[in-house]
Amino acid sequence: MITVKTENEKETKALAARLAKLLKPGDIVFLNGDLGTGKTTFVKGAAKHFKVDETKVVSPTYVLLNIYDGKYEIYHFDLYRLDNMNQINTIGYEEFFYGEGISFVEWPERLGDAAPSEYLKVTIAHRTEGKRTIKIMARGTRYKNLLEKIKELK
Ligand code: ADP
Ligand code: MG
């Protein structure tokens, strides 16, 4: 696990952009943390690296999924309002998780059994106004290797 402290939104976006450099098509990034901690902000920072206009990056609260076209397709899920698994099955999440784009998933805990078994997990916690603690963990070989590379970046 890696722990990074950020002092403002800009630092969180910069961390996301650095991490994004290491992501490949098919990768899945989970974003955990309470409302307002900076999950969407993190996706904005990563999206910028993929040449997606960050003003287009908004939490897809009602549709559950936004797709952005950049260097790769970016699948941005926000499952906060997911109240039954039919909804997620309707989207056909597997096509995205196991597809050619890069997935970012806010509120991944809502996936239950539909969760992939391997992913990078970013957990953001509020410290004080403007300050956050960001923990990065890995499940599976691909992501454990990725985590080692992230450590080298630090
Ligand atoms: P979430 O998607 O987790 O609900 P958002 O990214 O939409 O959260 O909102 C996070 C809010 O917190 C934004 O208004 C952002 O400007 C603010 N913020 C303040 N400090 C930070 C920080 N260090 N990292 C990320 N966001 C921060
Ligand atoms: Mg959000």
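## Contacts and the predicted model

Two residues are said to be in contact when heavy atoms of theirs lie within 4.5 Å. With that in mind, the buried residues of helix α2 pack against α1 (9-20), β2 (28-32), β4 (73-78), β5 (102-106) and β6 (119-126). The structure described here is a predicted model, and every value below is computed from it.

## The overall fold

The secondary structure of the protein consists of 5 helices and 7 strands, and when these are read along the sequence they follow the pattern β-α-β-α-β-β-α-α-β-β-β-α. A compact globule of 154 residues would be expected to have a radius of gyration near 15 Å, and the 14 Å found for this protein agrees with that expectation. Taken along the principal axes, the box filled by the C-alpha atoms is roughly 40 × 35 × 30 Å.

Of the 154 residues in the protein, 47% are buried. Among the contacts with a separation of 6 or more, 62% are between residues that stand 24 or more positions apart. The accessible surface comes to about 7,900 Å², and carbon and sulfur atoms account for 49% of that area. The protein carries 25 positive and 21 negative side chains, and the centres of these two sets lie 8 Å apart.

## Helix α2

Helix α2 covers residues 39-49, and since 9 of its 11 residues are buried, the helix is largely enclosed by the rest of the structure. The buried residues are Lys39, Thr40, Thr41, Phe42, Val43, Lys44, Gly45, Ala46 and Ala47. The elements that these residues pack against, already listed above, include both a helix, α1, and strands such as β4 and β5.

## The magnesium site

Which residues coordinate the magnesium ion (ligand 2)? The donors are Thr40 through OG1, Ser59 through OG and Glu106 through OE, at 2.1 to 2.4 Å. Along the chain, these donors follow the spacing T-x18-S-x46-E. Thr40 and Ser59 link distant parts of the chain, for Thr40 belongs to helix α2 whereas Ser59 sits in the loop between α2 and β3 (65-69), 19 residues apart.

The two residues of this pair can also be described by how much of their area is accessible. Thr40 counts as buried because its relative accessibility is 18%, and the cut-off for a buried residue is under 20%. Ser59, at 26% relative accessibility, counts as partly exposed.

## Two positive phi angles in one loop

Most residues other than glycine have a negative phi. Against that background, Lys51 has a phi near 65°, a positive value in a residue other than glycine, and Leu64 likewise takes a positive phi, of about 70°, although Leu64 is not a glycine.

Lys51 follows just after α2 and is placed in the loop between α2 and β3, and Leu64 is also found in the loop between α2 and β3. Are these residues buried or exposed? Lys51 counts as exposed because its relative accessibility is 69%, whereas Leu64, at 4% relative accessibility, counts as buried.

## Two buried residues of helix α1

Thr12 is found in helix α1, and with a relative accessible area of 4% Thr12 is buried. If its neighbours within four places in sequence are left aside, Thr12 is in contact with Thr6, Gly38, Thr41, Phe42 and Ile134. Among these partners, Thr41 and Phe42 appear in the list of buried residues of α2.

Leu19 also belongs to helix α1, and at 2% relative accessibility Leu19 counts as buried. Leaving aside neighbours within four places in sequence, the residues in contact with Leu19 are Phe42, Leu120, Ile136 and Ile150. Leu19 and Ile150 are 131 residues apart in sequence, and yet their C-alpha atoms are 6.6 Å apart in space.

## An exposed residue of helix α4

Glu95 lies in helix α4, which spans residues 93-97, and with a relative accessible area of 58% Glu95 is exposed. Glu95 and Ala115 are 20 residues apart in sequence, and the distance between them, C-alpha to C-alpha, is 13 Å.

Conventions. Residues numbered from 1 in each chain as written. Chains lettered and ligands numbered in written order. Predicted model: local features only at pLDDT ≥ 70, side-chain atom pairs only at ≥ 80, totals over all residues. Heavy atoms only, no water. Helix = DSSP H or I, 4+ residues; strand = E, 2+ residues; numbered from the N terminus. Rg over C-alpha atoms; globule rule 2.2 N^0.38 Å. Buried < 20%, exposed > 50% of the residue type's maximum accessible area, 1.4 Å probe, protein only. Areas by Shrake-Rupley, 256 points an atom, 1.4 Å probe, with all protein chains shown as cover. Lys, Arg positive; Asp, Glu negative; His and termini not counted. Charge placed at Lys NZ, Arg CZ, Asp CG, Glu CD. Donors = N, O, S within 2.8 Å, 3.2 Å for Na, K, Ca; no water.
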